[in-house]
There are 4 protein chains.
Amino acid sequence: MSSMTRKTGINESGGMFAAWNYPEVSSLVYMGLHALQHRGQTSAGIVTSDEEETYIRHDLGLVQHVFDSKESISPLKGKHGIGQVRSASEHDYKENTNIQPFMFKFQNRNISVSFNGNVTNAYTLRSELEKLGAVFQSDSSAELLVHLICHANGDTFEENLQEALAKITGAYNFMLLTTEGLFAISDEHNFHTLEVGKLGEDQYVVASETCALDLVGASFIQEIPAGHYVKINDEGIQNVPYSKNVETKIEPMEFIYFARPDSTIGGVNVHHARKNMGVQLAKEAPAPSADIVIGIPNSSLSAATGYAEEVDLPYELGLVKHQYIGRTFIEPTQAQREVKVRRKLAVVKEIIKGKSVVVVDDSIVRGTTILHIVKMLREAEAKEVHIRIAAPMIRFPNYYGIDLKSSDELYAARYDLETMNENFGSDSLAFLSTDGLVQSVPFSGDYSDYDLSLSSFNGDYIEDIGEYKSSFDQKLTDIQKIILKENN
Amino acid sequence: MSSMTRKTGINESGGMFAAWNYPEVSSLVYMGLHALQHRGQTSAGIVTSDEEETYIRHDLGLVQHVFDSKESISPLKGKHGIGQVRSASEHDYKENTNIQPFMFKFQNRNISVSFNGNVTNAYTLRSELEKLGAVFQSDSSAELLVHLICHANGDTFEENLQEALAKITGAYNFMLLTTEGLFAISDEHNFHTLEVGKLGEDQYVVASETCALDLVGASFIQEIPAGHYVKINDEGIQNVPYSKNVETKIEPMEFIYFARPDSTIGGVNVHHARKNMGVQLAKEAPAPSADIVIGIPNSSLSAATGYAEEVDLPYELGLVKHQYIGRTFIEPTQAQREVKVRRKLAVVKEIIKGKSVVVVDDSIVRGTTILHIVKMLREAEAKEVHIRIAAPMIRFPNYYGIDLKSSDELYAARYDLETMNENFGSDSLAFLSTDGLVQSVPFSGDYSDYDLSLSSFNGDYIEDIGEYKSSFDQKLTDIQKIILKENN
Amino acid sequence: MSSMTRKTGINESGGMFAAWNYPEVSSLVYMGLHALQHRGQTSAGIVTSDEEETYIRHDLGLVQHVFDSKESISPLKGKHGIGQVRSASEHDYKENTNIQPFMFKFQNRNISVSFNGNVTNAYTLRSELEKLGAVFQSDSSAELLVHLICHANGDTFEENLQEALAKITGAYNFMLLTTEGLFAISDEHNFHTLEVGKLGEDQYVVASETCALDLVGASFIQEIPAGHYVKINDEGIQNVPYSKNVETKIEPMEFIYFARPDSTIGGVNVHHARKNMGVQLAKEAPAPSADIVIGIPNSSLSAATGYAEEVDLPYELGLVKHQYIGRTFIEPTQAQREVKVRRKLAVVKEIIKGKSVVVVDDSIVRGTTILHIVKMLREAEAKEVHIRIAAPMIRFPNYYGIDLKSSDELYAARYDLETMNENFGSDSLAFLSTDGLVQSVPFSGDYSDYDLSLSSFNGDYIEDIGEYKSSFDQKLTDIQKIILKENN
Amino acid sequence: MSSMTRKTGINESGGMFAAWNYPEVSSLVYMGLHALQHRGQTSAGIVTSDEEETYIRHDLGLVQHVFDSKESISPLKGKHGIGQVRSASEHDYKENTNIQPFMFKFQNRNISVSFNGNVTNAYTLRSELEKLGAVFQSDSSAELLVHLICHANGDTFEENLQEALAKITGAYNFMLLTTEGLFAISDEHNFHTLEVGKLGEDQYVVASETCALDLVGASFIQEIPAGHYVKINDEGIQNVPYSKNVETKIEPMEFIYFARPDSTIGGVNVHHARKNMGVQLAKEAPAPSADIVIGIPNSSLSAATGYAEEVDLPYELGLVKHQYIGRTFIEPTQAQREVKVRRKLAVVKEIIKGKSVVVVDDSIVRGTTILHIVKMLREAEAKEVHIRIAAPMIRFPNYYGIDLKSSDELYAARYDLETMNENFGSDSLAFLSTDGLVQSVPFSGDYSDYDLSLSSFNGDYIEDIGEYKSSFDQKLTDIQKIILKENN
């Protein structure tokens, strides 16, 4: 079910995978998407092409549900392909008009597109195009890009592509499969990176994370630089800069919780970064009275072990994640609401009882999980509960491709540290500093010009937030106002 | 799975239903589509709208599968809606890019479109639009119309709509749900009619057949005239002519087998027309030696009873249709191929044995069913088998919305009457004459200017067949050449 | 979901098919069950066996749903098999404990059983067995028979089988697949017959109806006589009488509506019998003022054409059955309840309007369908509506394998003819006489000792109704009391 | 698909949950089974009862699939219930005849039964019962127990139950829901324990693990002692000894890998025991040259952290488990077989590269996983790979309810330590000693008479292995013969 009234673009987070010149490419793209499943569970899709034709299949559901049989994948013929897994945000619509990749046709040219990110001037660009007769079927910026290309004035496809990209602001990655070849594009800040790998001779893959390269057995050859696109066709692979105004500012949420721990971004392994965050957090905020350190499976295990090593306390399995969670139709009554969290996580009472516990979490967004966990630890008769968060306070909406746009959702935008500690019922509460975060992600070598985007923590947006600006200004909480004042 | 290379438009047959100003309109549209299910079983979809938003759900499958729960239909809010059931042709693609209705957005206007028919200059129009920057996502002429509207030069939506329709040739019905109201459009020949009904005060429905009006309890008020559209909005209902070049030529296949027997087209009830065809056939081709008349359930029952009455022979249930046919995964070996037809139809041996049987069928397309039936009747020890077909020989491709485009598929385009009789193993074979067909559909009163399109029988196309012309000319069979020469 | 408290046996109606010595027998049994699908839609199952092993698959659903892939049928190996389709009655339980066939094991002997019918002393026999230590898992009389066999005192399996059958009263057919061979059993009255056919040399099939023999290409060789079983094994086929107290009394509902029209019972083709009933009804109750005769598709078409021929009136397609009925989730409000019948049947208004109509139905059970049809005909402006029922009034519960056990369900057990006519709103109402019914089913030749069971019409039960007796006596309606008095 | 030829009983491992006197008990049992899902994923079922009736639903699939809607669970009425999740072994049959719980009826008594374990004289007992006329429908020992009860000679149900239990050898837990109350039974060795908890006044639950008590909010009150059953009815809860020959010998696989880490058995928390095993292993087999310790998620995390702490090396996340594993239809070619393991586990190359790695696993059964992991670590350029297994070598079949019956499956039954190390390609390989295992599970207090069953390690079976004896004796490997000789 879809609707079409909106005033801004939509955030489209997910994962993308492309392959060039691989026989029966659809199975390879399938495996690549499988490795990226954690980046989006709402829909999945693959487009492939051979000399003559383009083939598509995309639907709501996990990769393994959309492609659940040989019959579902074998019609996707050809040697080139792109695929996507996608996560529908609350701001998004739940039905199928926005399922990617998209396939378009114009002037005898087939073009298939995948998009991740958040184009901050999407609505404005769209309105301008509509005045020229353009017709839209979705809210996706994938469709927007194609219209911009078709209405550009260049002589070649690439000139038109570059003209189109010049108009777009925000955070974005595009993958385009065209008759000219495969194009993989990163924005001027490289908020979210794309990784290029090689299989055999003249066989390339591009993916949102290196873990997908590993799974398909490709060797990593490069990350696409900010403001560049990579063009792959029968003549080989080429890095094309399309903007001079580049400044790499990786989205730190990738390191904090979004990317898989075995992936590497800007030369920094994600698990390593997380462990560093735990170590750094331990330095900044030790818990002298504590007996043990526990993490929240599976997301904060890296940080928790780092914390435990640094403070030299035993790291214990105080919380167990249920292996078979799934959905349940049982609607919790007030009394059963407890059960909902308990279905996912169980406290190992024998470990907790009588202990002073440090519980390390990766971040606090809405604050609901940590609230329940403190309660469960108290019930298991923990002597003390010290919360340590291996990320800074997330106090401002994210407009760069992470689905956190409303201040209402952000616990730390509404409460100060002391109040949070009180609300959670913890004995102490501490967050990693932004400096600590930056030190935990030590870009170096080829990537020494890399930096992190800190706007979610300090409200200082490095890239035009376009159509979101007025809403941002109007909805500032008292805490946000204070932070912004401090920063100036 | 879809592909995008094609040189001509696609035939899009199906059924459409629209409703204006009805509370919780989605359930009403659902019931309307249910009544039209026989017109298309490949996909189903509904678009609805309220003051602010437009809602859509469409998928592959029967109406009852696409809308299989309250949850599937209740999100389709609002008082106005259009829906469609659709049949994918062999020339069509089996995946979901062409599933209707479509929903588009331009210049702050939402527009939803359904289409039935065959636009014979679709590919040409599309190529022209692409040169202006238009981007297409499907092969459907529903999308084509919207692009034509958006690129028209009029001052109002209706001026643009009329400019767009003026460019289109072929057979078509469109339904458009827009902020200006509901538009239901018939081509200049009214090959396939649209029927308008009324529910309560200011509540209207439009459907491909009157049987859908009956099911939802609407009273018939008019058929949309050739070259007109009906516009329904808060100011009421209005008939708007958009072409002066009109000549009603109803597609006779609607009477012969496509429409439901309880529907009425141009004032003629379909069952009555079929019974007339049987009577007329009996007059033209009696079977003096016959003992009994049988039909092939369920399609030729009307014609068979007409034949039996006219020749005053008992009408018998010589063939029984299995109530539960469904699909089977068992792939017939050569020996089991017989089983395939026998799963659907059974001979009542006690009726057939020793009798001289007239078997009446509604038409012959590929000739496979009648071949098996003669064999089954012989096995049941029929003394004689006389085939009587209650339609003329279908000898030419249909370019006006019935899915019969290739001469290869048409048995009567490849064999003459004598050879067919020999091939089938029947004692005699006769078809209704085209004159007999015309007499069986006695348009009168308000509809006395109505006529039938006879091009499938005589190759004399009354409407431009556009992009199909060269293929038609190149693939003529010997028999087709003879017929065409006779006609000139 | 099942429960286990009951005081009487359960009626188990359905269809059975068995095959002996056919390679890959499971596909053959599948086809046989497919032909019998009309006899039961609740569950389906197949058991097969080879030299060493027995294989089973059974589940809720149609044949084509339970066996929906090669994978679902290919594990059923072997050359011998039995299968069943089953209809759960209201008195039955909707879950899977009663799904047939059953497979049992005792004393190194595998035994698989299917059952149709109603054992009228089931509860009593079961209680006796339980006292001997028997444990039951279902309510089915298939399980009951196996326990009786196991607790019998004979020396051989057949002695034990005969001892067991001697204890059972009521209407029953059993099929047993054992290491001794295939056994197909009919009760002493042969209420429901079993038909034996032959495929190749030493290849046999047994089915509930001859239409299943036809579909698999078997030639009919015999009907199992009352009080006999047929034993098929490597030594051939053998008719074994197990009771001297036999009197064939075919259940007339088989002819009236249950069996397929192309089947033959006791040498009488079912369609022929139905047409005879229509002819006979026309003789007994003509409708002098009528213009046309219509039937209710598809059940009363045979009778209606017979009626029309006898009164020499045109037989018209006044009611059309919707091809795609299916289930709908839309719960009818009071206003929409009409819609429910209209979804299945549509009136062809052009035929009905202004006409005096005879509508022929096959029988009246609850009276709800005919009530709606009269209303629909009135709305279509029929001048007169004359109901003619091609069966006698069903006034007494059926304890012999047809699912009509409660007098509350039987319209004719509660109202006299005049009141029914008034309630239905018809201009006249007539039923076939029981004499007329008997004459319509002219058993002859080998079957001249066959007769019909008339207890549903006159309350005169020819076979012990056992555990149902007290409930029957206590719940007699005034009309039933009058009939019973008249009969004595 | 089932077959019925077998010579021994079947191993039936799984998890059970029962509840007494809880309103709408089915939801509670559902939650309990959910917590036990890791114990069996083949089928799930629930039986409930109220005063009058018994209700059942069971099917193949996970708990959340079998009970996937309110409609699937709400018909299970009543206050008392038992449920089971079950794992089909290779020795078992994959179809639905063995799905538990079972529901039986005899002598007006309803009895529902769940069983876990392995009755080592099942086939013998069954043959004896069959000679008395008993008929079986499944291979389950749940059905066997009910037949034994029905053929016992006691005066009361409990006398009969005790007489039945006296005949059974092997490892077993039963739960019976009867009109006398709820019975939960443990065998004479308590190989697998049952845990009793309390909710409100007179509300009891029994579960295979304490984690299920925790999830439903019940407080632990006792473990059922060896050779006892607990009887719960309206008069309260009662421990009944039924054998004097008791000797508690907990199955160590529960501690090693089967039970959830938050469960407690015999007073010993499972995670604690696992961590102890890691510590003990580190003492017995340190790896002096190692840089880091890694575990295999999720099964060996507890042991690995224990090992790391003891040797004071960093515990690292060297292997990552994919969050979305699911099934894939892609059949691996030889080249893609690698992919299969990689889909589940990924190496974090940045951690492994250049390091000497200790990889801790919980146990070695077939040896396939560790083989692939060593290969993956080598590819990631580990300097050294030292395998440490936190359990003794599993060298003998398990006949006590763990699904490891064939010596062919046991890697350590075929190879000695040195050969295994060579085969795996590791730099060193060590297993925990049996003494080390025993010390890691420090039963104390109320449980100081508890011990572990070590037969899987040393072949010294403490309980009659009945029908399995001859197969065991005949199939001894050379290594097994040596071990057995050493032990005597």
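**Figure 1. Gly425(A) follows helix α15(A) with a positive phi.** In this predicted model, Gly425(A) sits just after α15(A) and takes a phi of about 75°. Helix α15 spans residues 417-424 of chain A, and its buried residues are Met420(A), Asn421(A) and Phe424(A). Buried means under 20% relative accessible area, exposed over 50%, and partly exposed in between (1.4 Å probe, protein chains only). The buried residues cover an arc of only 100° around the axis, so they lie on the same side of α15(A). That arc is taken from the directions from the helix axis to the C-beta atoms. An α-helix has 3.6 residues a turn, so residues three or four places apart point the same way. Glu418(A) and Glu422(A) are exposed on the other side of α15(A). The cover over the buried residues of α15(A) includes α13 (368-379), β22 (384-389), α14 (411-414) and β23 (428-431) of chain A. Helices (H or I, at least four residues) and strands (E, at least two) are DSSP runs, numbered from the N terminus.

*Conventions.* Residues are numbered from 1 along each chain as its sequence is written, and chains are lettered from A and ligands numbered from 1 in the order in which they are written. Local features need pLDDT of at least 70, side-chain atom pairs count only at pLDDT 80 or more, and totals for chains, interfaces and linings use all residues; side-chain values use heavy atoms, with hydrogens and water left out.

**Figure 2. An open antiparallel sheet in chain A.** The order of its 7 strands is β3-β2-β4-β1-β10-β9-β11. At the edges are β3 (54-60) and β11 (219-223) of chain A, each pairing on one side only. From one strand to the next, the twist averages 15°. Axes here are lines fitted to C-alpha atoms, for helices over the stretch in contact, and angles run from 0 to 180 degrees between N-to-C directions. Within chain A, β1 (residues 13-20) and β4 (residues 80-87) pair in the antiparallel sense over 7 bridges. Two strands pair if DSSP finds at least two bridges between them. Met16(A) stands opposite Gln84(A) in β4(A).

**Figure 3. Ser208(B) in a loop of chain B.** The loop runs between β10 (204-207) and α7 (210-215) of chain B. Ser208(B) counts as buried, at 7% relative accessibility. Residues that Ser208(B) touches, not counting those up to four places away in sequence, include Gly15(B), Leu36(B), Arg39(B) and Asn116(B). Contact means heavy atoms within 4.5 Å. The Ser208(B) side chain reaches the backbone nitrogen of Met16(B) at 2.8 Å.

**Figure 4. Phe106(D) in strand β5 of chain D.** This strand covers residues 102-106. Phe106(D) counts as buried, at 4% relative accessibility. Leaving aside neighbours within four places in sequence, Phe106(D) contacts Glu130(C), Ala134(C) and Val135(C), among others. Its contacts in chain D include Ile111(D), Val146(D) and Cys150(D). Phe106(D) and Cys150(D) are 44 residues apart in sequence and 7.9 Å apart in space, C-alpha to C-alpha.

**Figure 5. Chains A and D as copies.** A turn of 180° and a shift of 0.1 Å along the axis lay chain A on chain D with an RMSD of 0.0 Å. The two copies are thus related as by a two-fold rotation axis. Superposition is by least squares on the C-alpha atoms of residues with pLDDT of at least 70 in both. Of the interface residues of chain A, 100% are also interface residues in chain D, so the copies meet through the same surface. No contact joins chain A and chain C; their closest C-alpha atoms lie 14 Å apart. Chain B and chain D do not touch either, with their nearest C-alpha atoms 13 Å apart.

Notes
Polar contact = N/O pair within 3.5 Å; in protein donor to acceptor, adjacent residues only side chain to side chain.
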